[in-house]
Amino acid sequence: MDSKLKKDICDFIARQHLKPGDRLPSIEQIRRKIGATQYRIYQALKEIAAERKYEVVHGSGIYLPGRKKVYKPFEYSIALVSPGALLEQELINSLHSRFMKHRLNLLPLSIPHHDPSYEEETLKYLLSRRIWGLIIEPHPNSSENLRIISRMQAQGCRCILLSRAPELKKKYHFFTLDYYSLGLHAAEFAKENRFRKIVFINHSSVNWHMQNLERGITERSKELSIGCHVIRDPLRQDKFSETWEWETNGIIPLLENTLYVVENVDNRASHLYNCLIREHLNSTQVLHFCRRKSDIDPRIPCFYMNDENRFHQIADKLLGAGIWTKTGTEITFRPERILPETETQK
């Protein structure tokens, strides 16, 4: 770096008569006095800060030694925002325990995707508190929420997104579940077992993961000449009477030689399997998928998306990077096929 430029910057700083702990002038202030480009000043300041052991606070500035730190309540917190109770409490406790060893708190927040305004207000609040990290499956149809996440990232917050739309730029860090691949495997499973038709029950079509799964299953079914029907009506449980009902279509038609593909959140797939057993439809099968070990029904085939492995890799990424890079990375996690216990024993 140009030694004359560094000397000019140091002389300008000295003329400010700063006290210990004061913040150095901004790059723009230095540029107006010295005339060099912002990039050259930025590079020179980095070298000066390293040589003189100034304190660099991302999103705030460079400080002389002796700064008194005033921390906000959430400054050393990681917010985990997910659209529903998708994570097991045991996994949340494990992550919290791990983060606490690094003096970080975990704030688990459940915000359904049918309420993007609530997610927006939450993100604005977290932005104002300057949290240390953010793990989020953002609402797919809210560009405003993504703008807030970008502002948080610009402040130095370590942001990780749990799902990715095709149009999103790779400046973010993505740790995604490969639901498109799951859709391909589901259609191939139907072909292997000679099913004539697939019924995919998409209970959350607004979700990026479910959109990718629907795309994968419909595209592969068409290639394999298997009929595919998508139902976007969620199955809901009446917890008082312990009965189930389809939200708008009443009872779903149970057909011969058909593979039903459904997520086993709230035991949806298990309930459907029990309906098939009662109707003695032996030529029809349920294929379920899930993220939590506790949602695996050992009686029926499953594609398991290992969230436990994914979140521990996320923790490695958050805690292991000394300098958080702004250039994004993308890591995908593929489904694991689990056969029923009776088939495994054969």
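This is a walk through a predicted model of one protein chain, from the whole fold down to single residues.

Let us begin with the overall picture. The chain has 346 residues, and 45% of them count as buried. Its backbone is arranged into 11 helices and 16 strands. Now think about which parts of the chain meet each other. Among contacts with a separation of 6 or more, 68% are made by residues 24 or more positions apart. As for the outside, the accessible surface comes to about 18,800 Å², and carbon and sulfur atoms account for 49% of that.

Next, let us look inside. In soluble globular proteins, nonpolar side chains tend to be buried together. Here, the largest nonpolar core holds 41 residues, and the members that touch the most others are Val-261, Phe-289 and Phe-311. Which helix gives this core its largest share? That is helix 7, residues 179–192, with six residues. Apart from this core lies another one, made of 21 residues, among them Ala-79, Ala-165, Tyr-172 and Phe-174. Going back to Phe-311, you can trace its contacts beyond four places in sequence: Leu-80, Leu-87, Leu-91, Leu-95, Ile-135 and Leu-162.

Some aromatic rings are worth finding on your screen. The structure holds three aromatic pairs. In one of them, the rings of Tyr-172 and Phe-174 have centres 6.0 Å apart and planes at 70°; because that angle is over 60 degrees, the pair counts as edge-to-face. Tyr-172 and Phe-174 are both buried. Another edge-to-face pair is formed by Tyr-179 and Phe-289, with 6.1 Å from centre to centre and 80° between the planes. This pair links distant parts of the chain, since Tyr-179 sits in helix 7 while Phe-289 belongs to strand 13 (residues 285–290), 110 residues apart. Tyr-179 has a relative accessible area of 1%, so it is buried. Phe-289 also has a value of 1%, and is therefore buried. The ring of Phe-174 has a further partner: Arg-164 lies over its face, at 5.3 Å from the ring centre.

Between Tyr-172 and Phe-174 in the numbering comes His-173, which lies in strand 7 (residues 173–177). Is His-173 buried or exposed? Its relative accessible area is 0%, so it is buried. The side chain of His-173 makes a polar contact of 3.1 Å with the side chain of Thr-329. Beyond four places in sequence, His-173 is in contact with several residues, including Cys-159, Leu-161, Lys-317, Trp-324 and Gly-328.

A second histidine, His-209, takes us to helix 8, which covers residues 208–223. With a relative accessibility of 2%, His-209 falls under 20% and so counts as buried. A polar atom of its side chain lies 3.3 Å from the backbone oxygen of Leu-162. Setting aside neighbours within four places, His-209 is in contact with Glu-137, Leu-162, Ser-163, Leu-177, Tyr-179 and Arg-291. You have met two of these already: Leu-162 among the contacts of Phe-311, and Tyr-179 in the aromatic pair with Phe-289.

Now follow helix 8 along to Arg-220. At 22% relative accessibility, Arg-220 is partly exposed, because that value falls between the limits of 20% and 50%. The side chains of Arg-220 and Glu-223 are joined by a polar contact of 2.6 Å. Beyond four places in sequence, Arg-220 touches Leu-184, Ala-187 and Glu-188. Glu-188 is 32 residues from Arg-220 in sequence, yet their C-alpha atoms are 7.6 Å apart in space.

We finish with the backbone itself. Most residues other than glycine have a negative phi. Which way does Arg-130 go, positive or negative? Its phi is positive, about 50°, although Arg-130 is not a glycine. You will find Arg-130 in the loop between helix 5 (116–129) and strand 5 (133–136). With a relative accessible area of 26%, Arg-130 counts as partly exposed. Ser-225 is another residue other than glycine with a positive phi, near 60°. Its place is the loop between helix 8 and strand 9 (227–231). Ser-225 has 68% relative accessibility, which is over 50%, so it counts as exposed.

Methods. Residues numbered from 1 in each chain as written. Heavy atoms only, no water. Helix = DSSP H or I, 4+ residues; strand = E, 2+ residues; numbered from the N terminus. Buried < 20%, exposed > 50% of the residue type's maximum accessible area, 1.4 Å probe, protein only. Polar contact = N/O pair within 3.5 Å; in protein donor to acceptor, adjacent residues only side chain to side chain. Contact = heavy atoms within 4.5 Å. Core = buried A, V, L, I, M, F, W, Y, C linked by side-chain atoms within 4.5 Å. Areas by Shrake-Rupley, 256 points an atom, 1.4 Å probe, with all protein chains shown as cover. Phe/Tyr/Trp six-rings, centres within 6.5 Å; stacked < 30°, edge-to-face > 60°. Lys NZ or Arg CZ within 6 Å of the ring centre and 35° of its normal.
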